[in-house]
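Work through the exercises below with the sequence and the structure at hand. Each task is followed by a solution in steps.

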Amino acid sequence: DGGGGGGGGGGGGGGADDDAFDANIKHANEVRRVLFTFGAILVMFKFLELLRALPAFGAFIGLIFKIIADLVPFLVVLGSLMLGFSFSFYALLGPRWDLTSKFVADGPDAMNDDVVGYDVFPYGDDERDLPRPFWDTRMALLTSYQMMLGDFDMDIFARNKGDFYAMNIAVVLFVVFSLLVFIVLLNVLIAIVSDTYAGVMSDRDVEGRIAQADVVLEIELMH
């Protein structure tokens with residue numbers, strides 16, 4: 001019996017080792033996928049950088065990199081607006097809880113009799129299966145990005161029947177967000193890109209030769 005018990009213990013230990021080995025393999029595969037994803041992007045940028053040595057591509061690719069550099073302050077301002085409005089929409093249209101209930105993080109399917117009040121779900125009982133774009137912070141950020149691109153379902157505000165004030169405040173925030181992004185920031189973006197384009201294209205030949213010299217110097221330094 002003792003030997004059998006020892007064998008059983010050994011079998012259990014072997015099973016645990018197999019589980020740990022499988023977990024390590026899975027983790028290694030995930031790391032490999034992530035590295036391959038970013039590696040492919042880096043190779044693409046490196047290829048574009050080498051194309052600068054060709055006269056037909058030098059000024060054009062230099063223009064792209066120059067525009068990206070000039071857009072950094074613009075992107076910081078845009079990102080700040082996106083974060084602020086995303087969390088505002090999340091606070092207004094996201095999950096709710098009352099003083100006597102615990103926070104429900106897994107949506108309406110996680111509700112049970114221990115949760116007091118069903119205000120945790122902001123929509124009506126007949127709309128629980130509809131998409132919830134502001135249910136968590138990640139979805140709120142993605143939905144705000146869609147709003148910035150003009151791809152947004154306005155019915156989301158009409159679904160928020162349970163809270164009249166939240167619905168109206170969210171509509172006002174949506175109008176302000178649209179005005180800032182579509183009118184103010186879009187025109188600023190056009191102005192920045194146009195100014196950079198005019199500056200680079202005015203010295204296109206010089207920019208092309210500078211790009212060629214940079215690539216040749218980089219290749220010589222590598223060897």
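Contacts between residues 24 or more positions apart make up 66% of the contacts in the protein chain with a separation of 6 or more. The model is predicted.

**Exercise 1. The fold in outline**

State how many helices and strands the protein chain has, and what share of its residues count as buried.

Solution.
- Step 1. Count the elements: the protein chain has seven helices and zero strands.
- Step 2. Write them in order. From the N terminus, the run is α-α-α-α-α-α-α.
- Step 3. Turn to burial. Of the 223 residues, 26% count as buried.

**Exercise 2. The largest nonpolar core**

Find which residues touch the most other members of the largest nonpolar core, and which elements give two or more residues to this core.

Solution.
- Step 1. The largest nonpolar core holds 23 residues. F89, F134, M147 and F177 touch the most other members.
- Step 2. Two or more residues come from each of α2 (55-70), α3 (72-93), α4 (137-149) and α6 (164-202).
- Step 3. Take F177 and leave out its neighbours within four places in sequence. The remaining contacts of F177 are M82, F85, S144, M147 and M148.

**Exercise 3. A serine in α3**

S86 is found in helix α3. Decide whether S86 is buried or exposed, and list what it touches beyond four places in sequence.

Solution.
- Step 1. Read the relative accessibility of S86: 1%.
- Step 2. Apply the cut-off. Buried means under 20% relative accessible area, so S86 counts as buried.
- Step 3. List the partners. Residues up to four places away aside, S86 touches A140, L141 and S144.
- Step 4. Look back at F177. S144 is also among the contacts of F177.

**Exercise 4. The largest pocket**

Describe the largest pocket: its volume, its lining residues and the classes they belong to.

Solution.
- Step 1. The volume is about 180 Å³.
- Step 2. The lining consists of F74, L75, L78, M148, L149, V181, F182, L185, L186 and L189.
- Step 3. Sort the lining by class: ten nonpolar, no polar and no charged residues.
- Step 4. Assign elements. α3, α4 and α6 each supply at least two lining residues. α6 gives the most, with five residues.
- Step 5. Compare with the core. M148 lines the pocket and is also in contact with F177.

**Exercise 5. Salt bridges within helices**

Find how many salt bridges the count comes to. For the pairs E30 and R33, K46 and E49, and K66 and D70, give the N to O distance.

Solution.
- Step 1. The count comes to three. Side chains of opposite charge can pair when their charged atoms come close.
- Step 2. Start with E30 and R33. Their side chains meet at 3.4 Å, N to O. The two residues are three apart in helix α1 (residues 2-51), so about one helical turn separates them.
- Step 3. Check exposure for this pair. E30 is partly exposed at 37% relative accessibility. R33 is exposed at 54%, because exposed means over 50%.
- Step 4. Go on to K46 and E49. Their closest N and O atoms are 3.8 Å apart. Both lie in helix α1, three residues apart, about one turn of the helix. K46 is partly exposed at 34%, and E49 is partly exposed at 25%.
- Step 5. Finish with K66 and D70. Here the closest N and O atoms are 3.7 Å apart. Both residues lie in helix α2, four residues apart, about one turn of the helix. K66 is partly exposed with a relative accessible area of 41%, and D70 is partly exposed at 27%.

**Exercise 6. A valine in α7**

V215 sits in helix α7 (residues 204-222). Work out whether V215 is buried or exposed, which residues it touches beyond four places in sequence, and how many residues separate V215 and G58.

Solution.
- Step 1. The relative accessible area of V215 is 3%, so V215 is buried.
- Step 2. Not counting residues up to four places away, V215 touches E49, L50, R52 and A53.
- Step 3. Link this to the salt bridges. E49 is also the partner of K46.
- Step 4. Measure the reach. V215 and G58 are 157 residues apart in sequence. Their C-alpha atoms are 9.9 Å apart in space.

Methods:
Residues are numbered from 1 along each chain as its sequence is written. This is a predicted model: local features need pLDDT of at least 70, side-chain atom pairs count only at pLDDT 80 or more; totals for chains, interfaces and linings use all residues. Side-chain values use heavy atoms; hydrogens and water are left out. A nonpolar core is a set of buried Ala, Val, Leu, Ile, Met, Phe, Trp, Tyr and Cys residues joined through side-chain atoms within 4.5 Å. Buried means under 20% relative accessible area, exposed over 50%, partly exposed in between (1.4 Å probe, protein chains only). Contact means heavy atoms within 4.5 Å. On a 1 Å grid over the protein atoms alone, a cavity is a set of points where a 1.4 Å probe fits but cannot get out, and a pocket is an open set with protein on both sides within 12 Å along at least five of seven lines; lining residues have an atom within 4 Å of a point. Grid points are joined across faces, edges and corners, and a volume is the space filled by probe spheres set on the points. Ala, Val, Leu, Ile, Met, Phe, Trp, Tyr, Cys and Pro count as nonpolar, Asp, Glu, Lys and Arg as charged, and the others, Gly among them, as polar. A salt bridge is a side-chain nitrogen of Lys or Arg within 4 Å of a carboxyl oxygen of Asp or Glu.
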